[in-house]
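Q: Hi! I have just opened this one and would like a friendly walk through it. Can we look at it together?

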Amino acid sequence: MRREKAPDKFSQCRKCGARIIFVRMKSGKSMPVNPNFVNFRRDGGKDRIVLANGEVTSGTIVTDPGEAQGFGYVSHFATCEYAQTFRRK
Ligand SMILES: [Zn+2]
């Protein structure tokens, strides 16, 4: 497998302690994501996928690489058990 550009930095979620990395978005903001890649289908599904180049796309996460049409990261906020805390206003 070809080695992609190293992620900007490894970090840790301050809420749950999970390891996360930051992907620099096109907007210049850094988005915390889970460090493992996910495979997804580009079908405009409900999952939001953060691509390594900072683009966000929608699709459906699949576990079978044979079905995958791309890969990327998932926002940590989507899976963090403390996500409600983040969303609270
Ligand atoms: Zn977390």
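Q: Let's start with a pairing. Which residue in S2 does Lys9 stand opposite?
A: Lys9 stands opposite Phe22 in S2. Before we go on, keep in mind that this is a predicted model.

Q: Good to know. And how many bridges join S1 to S2?
A: Four bridges join them, with S1 covering residues 9–12 and S2 covering residues 19–24. The two strands run antiparallel. Another pair to find there is Ser11, whose bridge partner in S2 is Ile20.

Q: What about the turn of that hairpin, which residue takes a positive phi there?
A: That is Gly17, with a positive phi near 80°. The hairpin of S1 and S2 has six residues between the strands.

Q: Where does S2 go next, which way does it pair with S3?
A: S2 pairs with S3, residues 30–33, in the antiparallel sense, and there are four bridges. One residue to click on is Ile21, which has Val33 in S3 as its bridge partner. Between S2 and S3 the hairpin has five residues, and Gly28 takes a positive phi near 100°.

Q: Let me zoom out. How many helices and strands does the chain have?
A: There are two helices and seven strands. Following the sequence, you meet them in the pattern β-β-β-β-β-β-β-α-α.

Q: And what sort of pairing do S5 and S6 have?
A: S5, residues 47–50, pairs with S6 in the antiparallel sense over four bridges. Val50 stands opposite Val56 in S6. In their hairpin, five residues sit between the strands, and Gly54 has a positive phi near 95°.

Q: Which way does S5 run relative to S7?
A: S5 and S7 run antiparallel, joined by two bridges. Look for Ile49 here: its bridge partner in S7 is Val74.

Q: Changing topic, I see a zinc ion. Which residues are its protein donors?
A: The donors are Cys13 (SG), Cys16 (SG), His76 (NE2) and Cys80 (SG). They lie 2.1 to 2.4 Å from the zinc ion.

Q: How are those residues spaced in sequence?
A: The spacing of the donor residues is C-x2-C-x59-H-x3-C.

Q: And why is the arrangement around the zinc ion tetrahedral?
A: It counts as tetrahedral because the angles subtended by the four donor atoms are 101 to 121°, and the rule asks for all angles to lie between 85 and 135 degrees. For reference, the ideal angle for four tetrahedral donors is 109.5 degrees.

Q: With those cysteines around, how many disulfides are there?
A: The count comes to zero disulfides.

Q: Is Cys13 buried or exposed?
A: Cys13 counts as buried, because its relative accessibility is 6% and the cut-off for buried is under 20%. Cys80 is also at 6% relative accessibility, so Cys80 counts as buried. Cys16, with a relative accessible area of 29%, is partly exposed.

Q: Where is Cys80 found?
A: Cys80 is in the loop between H1 and H2, and H2 spans 83–87. Its C-alpha is 8.2 Å from that of Lys15, although Cys80 and Lys15 are 65 residues apart in sequence.

Q: What about Ser75, where is its place?
A: Ser75 is in the loop between S7 (70–74) and H1 (76–79). With a relative accessible area of 14%, Ser75 is buried.

Q: Which residues is Ser75 in contact with?
A: Leaving aside neighbours within four places in sequence, Ser75 is in contact with Met31, Pro32, Val33, Asn34 and Val50. You have already met Val33 as the bridge partner of Ile21, and Val50 opposite Val56.

Q: One more loop: where is Asp64?
A: Asp64 is in the loop between S6 (56–62) and S7. At 38% relative accessibility, Asp64 counts as partly exposed. The C-alpha atoms of Asp64 and Asn39 are separated by 7.7 Å, and the two residues are 25 apart along the chain.

Q: Last one, about the whole chain: what share of the residues is buried?
A: Buried residues make up 31% of the 89 residues. The chain exposes about 6600 Å², and carbon and sulfur atoms supply 48% of that. Of the contacts with a separation of 6 or more, 45% are between residues 24 or more positions apart.

Notes: Residues numbered from 1 in each chain as written. Predicted model: local features only at pLDDT ≥ 70, side-chain atom pairs only at ≥ 80, totals over all residues. Heavy atoms only, no water. Pairing = 2+ DSSP bridges. Donors = N, O, S within 2.8 Å, 3.2 Å for Na, K, Ca; no water. Tetrahedral: all angles 85-135°; square planar, octahedral: opposite > 155°, others 65-115°. Buried < 20%, exposed > 50% of the residue type's maximum accessible area, 1.4 Å probe, protein only. Disulfide = S-S within 2.5 Å. Contact = heavy atoms within 4.5 Å. Areas by Shrake-Rupley, 256 points an atom, 1.4 Å probe, with all protein chains shown as cover.
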